[in-house]
Amino acid sequence: MLENVPDWRVNEGLTPEEWSMPGLYVQAGTEHPEITFARFDYAHDQVQATFAGLAGIEADDLASFIDQTEFDIESAGVPVASYIAPGESHTIVMHDDFYDLEVEGVRLVDFLTALVNGDVPADVRCTVCR
């Protein structure tokens, strides 16, 4: 992975041990503050939970890990628009749910349309995530 790290000023001197999932966003957002970051996650994504475990990250409660990651990124001054849906799936783009999914009254397609139009929509998070 480190062979592909951009040669950015904010990356100078970082060791592999200093990198983290939130750190990837923080480094990119610090170097390029004009970027709008957004993420879509299923609260109980089994693929993410498996890979988190392989990386030594406790992911029994993946939704809490997702929340903590976003908190860490935003605490470093890099905003992230997030949409967290109930379920255990891993991706949505290739499924009809992409057009039909609605969480807390907000359709995913509307959330993404706002992003494409240059707006930063409010975070959407399931309250009942199973």
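These questions and answers cover a helix, a strand residue and a surface patch in a predicted model.

User: Is Asp41 buried or exposed?
Analyst: Asp41 sits in strand S1, residues 37-42. Its relative accessibility is 6%. The cut-off for buried is under 20%. Asp41 is therefore buried.

User: Which side chain makes a polar contact with that of Asp41?
Analyst: Setting aside neighbours within four places in sequence, Asp41 is in contact with Gln48, Ile66, Tyr83, Ile84 and Ala85. A polar contact of 2.8 Å links the Asp41 side chain to the side chain of one of these residues. That residue is Gln48.

User: Is Phe51 buried or exposed?
Analyst: Phe51 belongs to helix H2, which spans residues 46-54. Its relative accessibility is 56%. Exposed means over 50%. Phe51 therefore counts as exposed.

User: What is the accessible area of the nonpolar patch that Val47, Phe51 and Leu54 form together?
Analyst: The patch lies on the surface. Phe51, one of its members, is at 56% relative accessibility. Together, Val47, Phe51 and Leu54 have an accessible area of about 330 Å².

User: How many residues of helix H1 are buried?
Analyst: Helix H1 covers residues 21-31 and is mostly covered. Its buried residues are Pro22, Gly23, Tyr25, Val26, Gln27, Ala28, Gly29 and Glu31. Out of 11 residues, the buried count is eight.

User: Which elements are included in what covers the buried residues of H1?
Analyst: One is the strand that holds Asp41, S1. Another is a helix spanning 62-75. The cover thus includes S1 and H3.

How values were computed: Residues numbered from 1 in each chain as written. Predicted model: local features only at pLDDT ≥ 70, side-chain atom pairs only at ≥ 80, totals over all residues. Heavy atoms only, no water. Patch = residues over 30% accessible without salt bridge, like charges linked within 9 Å, V, L, I, M, F, W, Y side chains within 5 Å. Areas by Shrake-Rupley, 256 points an atom, 1.4 Å probe, with all protein chains shown as cover. Salt bridge = Lys/Arg side-chain N within 4 Å of Asp/Glu carboxyl O. Helix = DSSP H or I, 4+ residues; strand = E, 2+ residues; numbered from the N terminus. Buried < 20%, exposed > 50% of the residue type's maximum accessible area, 1.4 Å probe, protein only. Polar contact = N/O pair within 3.5 Å; in protein donor to acceptor, adjacent residues only side chain to side chain. Contact = heavy atoms within 4.5 Å.
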